[in-house]
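Please open the structure in your viewer and keep the selection tool at hand. The tour proceeds by stops, each of which begins with something to select.

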Amino acid sequence: MTSAIARLNDFGQSPWYDNLARPLLTGGGLAELVKDDGIRGVTSNPTILDKAIGAGEGYDKQLAECARAGMSIEDTYWAVVLDDIVAATEVLRPVFDAQQGGDGFVSVEVAPTLAHDTAGTIAAARSLHDRVDRPNVMIKIPATIEGIPAIEETVAAGITVNVTLIFSLARHDAVIDAYLTGLERFAAAGGNLSTVASVASFFVSRVDTETDRRLPEDSPLRGKAAVANARLAYELFRQRFVGPRWEALAAQGARLQRPLWASTSTKNPAYPPTLYVDELIGPDTVNTLAPASIEALQAGEGHQRPDTVTEGLPAAHQVMADLAAAGIDFDDVTDVLEREGVDSFAASFTDAFGTIEKRRAEVTG
């Protein structure tokens with residue numbers, strides 16, 4: 001493959017597509033991305049589904065069938081979502097098999113309204129895992145305080161997890177510990193560690209959006225926080241996955257919990273469209289690419305080269321020191337982003353219910 005997207009694989013980074021809707025499956029678009037651009041995974045979210053259903057893109061027949069069966073709006077939502085997830089896992093299954101279970105995943109998130117409900121999240125994760133019943137499904141759990149023990153319990157049950165909505169290094173550290181503890185418990189129960197995988201989804205562009213908002217317009221620190229924060233997350237990842245504790249797990253077949261760069265399309269039009277791709281390339285990472293990023297890379301934009309995530313580590317530490325000196329409370333930045341992220345995902349989930357109800361009424365007359 002010669003695609004700029006595919007070349008990320010050569011640098012040790014897996015490109016995933018941050019988009020999943022039925023036309024992408026039925027029209028062969030996802031299969032083409034896998035074949036031509038080396039896409040190795042897919043993430044989904046309620047916002048994308050909400051827009052696709054509202055536009056009448058491929059869901060009307062199933063909505064009518066669910067209505068005739070007397071299914072609730074919530075049951076209809078999950079029927080639609082899980083059909084898409086199952087279909088996507090079939091498209092990515094050859095990648096999963098070729099990578100011996102190390103890639104080729106499709107992520108589906110527990111209901112975002114459960115973000116502060118540990119027991120509810122654990123139950124939902126197990127239910128989704130069982131309903132999809134494919135080895136390359138990945139259950140998304142938010143990295144809230146209440147989500148941390150749910151992550152540990154889910155991994156301890158041998159379920160593959162995509163930990164989402166990570167903004168701070170402290171929370172990333174807690175996520176890593178939950179993963180390691182879950183693996184240790186799964187191994188103690190006789191589980192095969194090679195069957196469990198995980199990614200830690202560290203959000204990027206939103207960090208610049210919130211930090212820039214707090215900086216003067218002429219500040220040289222604008223547009224610097226997100227990449228610096230992610231690079232420090234990668235440094236933490238490398239520090240935690242070494243030593244006796246990790247080596248004992250690795251000897252039993254455990255896999256690294258790869259950092260996944262999420263929200264990597266630029267929100268500020270003044271920044272290059274591939275900024276958060278070009279600056280965060282490194283081994284054992286994932287970058288989830290939104291459609292805009294896919295288009296930019298396919299058009300030849302950006303300057304991809306290996307190991308950019310590590311080359312700026314000294315500068316990343318300096319950026320954080322300079323932000324503190326400028327009066328930026330970065331802990332508050334990440335706290336705000338987590339709250340807003342949870343609220344935004346929950347709103348999209350609720351909006352999708354409303355869209356399904358409206359569209360279902362339209363297609364059933």
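Against which elements do the buried residues of α10 pack? Before selecting anything, please note that this is a predicted model.

**Stop 1: helix α10**

Select residues 205–214, which form helix α10. Within α10, the buried residues are Ser 205, Val 207, Asp 208, Glu 210, Thr 211 and Asp 212. They pack against two strands, β6 (198–203) and β7 (257–262), and against the helices α11, α13 (275–278), α16 (313–325) and α17.

Now show the side chains of Arg 213 and Glu 210. Side chains of opposite charge can pair when their charged atoms come close. Arg 213 and Glu 210 form a salt bridge, and their closest N and O atoms are 2.5 Å apart. Both residues belong to helix α10 and stand three residues apart, so about one helical turn separates them. Are the two partners buried or exposed? Arg 213 has a relative accessibility of 59% and therefore counts as exposed, since the cut-off for that class is over 50%. Glu 210, at 5%, counts as buried because its value is under 20%.

**Stop 2: where α10 meets α11**

Keep α10 selected and add residues 225–240, helix α11. Two packed helices are described by the angle between their axes and the distance between the axes. For α10 and α11, the axes come within 7 Å and cross at roughly 130 degrees. The two helices are therefore oblique to each other, and their crossing is right-handed. To see the contact itself, display Val 207, Asp 208 and Thr 211 on α10, together with Ala 225, Ala 226 and Asn 229 on α11. Sorted by class, these residues are three nonpolar, two polar and one charged.

**Stop 3: where α9 meets α11**

Leave α11 in view and select residues 169–188, helix α9. How far apart are the axes of α9 and α11, and at what angle do the helices pack? The axes are 10 Å apart, and the angle is about 30 degrees. Because angles under 35 degrees count as roughly parallel, α9 and α11 are roughly parallel to each other. Their crossing is right-handed.

The α9 side of the contact consists of Leu 169, His 172, Asp 173, Ile 176, Asp 177 and Leu 180. The α11 side consists of Asn 229, Leu 232, Ala 233, Leu 236, Phe 237 and Arg 240. This contact divides into seven nonpolar, two polar and three charged residues.

**Stop 4: Trp 261 in strand β7**

Next, select Trp 261, which is in strand β7. With a relative accessibility of 0%, Trp 261 counts as buried. Which residues does Trp 261 contact beyond its neighbours within four places in sequence? Among them are Ala 230, Ala 233 and Tyr 234, as well as Gln 13, Phe 202 and Val 309. Then draw a distance from Trp 261 to Ala 226: the C-alpha atoms are 11 Å apart, although the residues are 35 apart in sequence.

**Stop 5: further salt bridges**

How many salt bridges does a search of the whole structure find? The search finds 21. Go to helix α6 (residues 73–98), where Asp 97 and Arg 93 lie four residues apart, about one turn of the helix. The closest N and O atoms of their salt bridge are 3.0 Å apart. Asp 97 is partly exposed, at 45%, and Arg 93 is also partly exposed, at 31%.

Then move to helix α17 (residues 330–363), in which Glu 362 and Arg 359 are three residues apart, about one helical turn. Their salt bridge has its closest N and O atoms 2.9 Å apart. Glu 362 is partly exposed, with a relative accessible area of 41%. Finally, select Asp 173, Asp 177, Glu 184, Arg 240 and Arg 245, which salt bridges with shared partners join into one network.

**Stop 6: two loops**

Most residues other than glycine have a negative phi, and most peptide bonds are trans. Select Asp 133, in the loop between α7 (118–132) and β4 (137–142). Asp 133 has a positive phi of about 55 degrees although it is not a glycine, and it is exposed, at 58%.

The last selection is Asp 307, in the loop between α14 (291–298) and α15 (308–311). Its phi is positive, about 60 degrees, and it is not a glycine either. At 35% relative accessibility, Asp 307 counts as partly exposed.

Terms used. Residues are numbered from 1 along each chain as its sequence is written. This is a predicted model: local features need pLDDT of at least 70, side-chain atom pairs count only at pLDDT 80 or more; totals for chains, interfaces and linings use all residues. Side-chain values use heavy atoms; hydrogens and water are left out. Axes are lines fitted to C-alpha atoms, for helices over the stretch in contact, and angles run from 0 to 180 degrees between N-to-C directions. Angles under 35 degrees count as roughly parallel, over 145 as roughly antiparallel, 65 to 115 as roughly perpendicular and the rest as oblique. A crossing is left-handed if the near helix is turned anticlockwise from the far one by less than a right angle, and right-handed if clockwise. Contact means heavy atoms within 4.5 Å. Ala, Val, Leu, Ile, Met, Phe, Trp, Tyr, Cys and Pro count as nonpolar, Asp, Glu, Lys and Arg as charged, and the others, Gly among them, as polar. A salt bridge is a side-chain nitrogen of Lys or Arg within 4 Å of a carboxyl oxygen of Asp or Glu. Buried means under 20% relative accessible area, exposed over 50%, partly exposed in between (1.4 Å probe, protein chains only).
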